[in-house]
Amino acid sequence: MPLVGLTGMIGAGKSTVAAMFAAHGARIVDADRIAHAVLDEPAVRSAIAARIGEAVVAAGGPVRRGVQAGREGGTGPPPAAALQALEAIVHPRVGARIEAAVEDAFGVGGDNDPVVVLDVPLLAQSGVARRCHWVVIVECAEAIRRGRLEARGLSPSQPAAREAAWRRRHDRGAASWPPDRIRTVDSSGSLSYTRSQVDRIWSEITASAGPPDTVHHGSGGRV
């Protein structure tokens, strides 16, 4: 059962590509959904309030993600100490849940679920990244990606911290990925254009599917 790492910058179109893989029958492990669940844990809310500030937590409720995003991006450079504190609280818990979800997918999927797609924005820093047999990077023209973020109500400065983190960690971690198993999807065009790329990658993955520990190295490729 191949494990596919799906990554890309905020607004690049990862969710759309993940849905297309799901339509083919892939089992999706959604890191953002896992992170939201972690942020709703009472112990995590308390830790964030204690280390970053009460303003980040709604009274008796879940973490105020909009305020949190503002703390990460803000109207200027992100406060490094606050971002590091947030990551120290959240990332280990998210990582553990991702590992458990992957183990569960491999444990119950069998031949009926031939591909597991791990949708993780910061794949390069994820501990499970080393287990991926394929990596799919979703790319998008900058102007189109920015337009998507604006449509979500985000100012150009708000996603700055997440974009910087993705670039820094992606560039550092991508060198360890098998170059002949890296593929890209350009989501700048129509849905049919994006789907045609996903279809080709799916065909390639399923045609070459081998044992989970089979990873080949060779020359890189771009779809």
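Biologist: By about how much of the helix are Glu-142 and Arg-146 separated in α6?
Modeller: In this predicted model, the side chains of Glu-142 and Arg-146 meet in a salt bridge, 3.0 Å from N to O. The two residues are 4 apart in helix α6, so their separation is about one helical turn.

Biologist: Which residues are joined with Glu-142 into one network of salt bridges?
Modeller: Glu-142 forms a salt bridge with Arg-146. Arg-145 also forms one with Glu-142, with the closest N and O atoms 2.9 Å apart. Salt bridges that share partners thus place Glu-142 in one network with Arg-145 and Arg-146.

Biologist: Is Arg-145 buried or exposed?
Modeller: Its partner Glu-142 has 36% relative accessibility and counts as partly exposed. Buried means under 20% relative accessible area. Arg-145 has 2%, so this residue counts as buried.

Biologist: How many residues apart in sequence are the parts that Glu-41 and Arg-97 tie together?
Modeller: The side chains of Glu-41 and Arg-97 form a salt bridge at 2.4 Å, N to O. Glu-41 lies in the loop between α2 and α3, whereas Arg-97 is in helix α5, so the pair links parts whose distance in sequence is 56 residues.

Biologist: Which element gives the most residues to the largest nonpolar core?
Modeller: The largest nonpolar core has 29 residues, and Val-90 is among those with the most contacts inside it. Elements that each supply at least two of its residues include α2, α3 and α5. The element giving the most, with 8 residues, is α5.

Methods:
Residues numbered from 1 in each chain as written. Predicted model: local features only at pLDDT ≥ 70, side-chain atom pairs only at ≥ 80, totals over all residues. Heavy atoms only, no water. Core = buried A, V, L, I, M, F, W, Y, C linked by side-chain atoms within 4.5 Å. Buried < 20%, exposed > 50% of the residue type's maximum accessible area, 1.4 Å probe, protein only. Salt bridge = Lys/Arg side-chain N within 4 Å of Asp/Glu carboxyl O.
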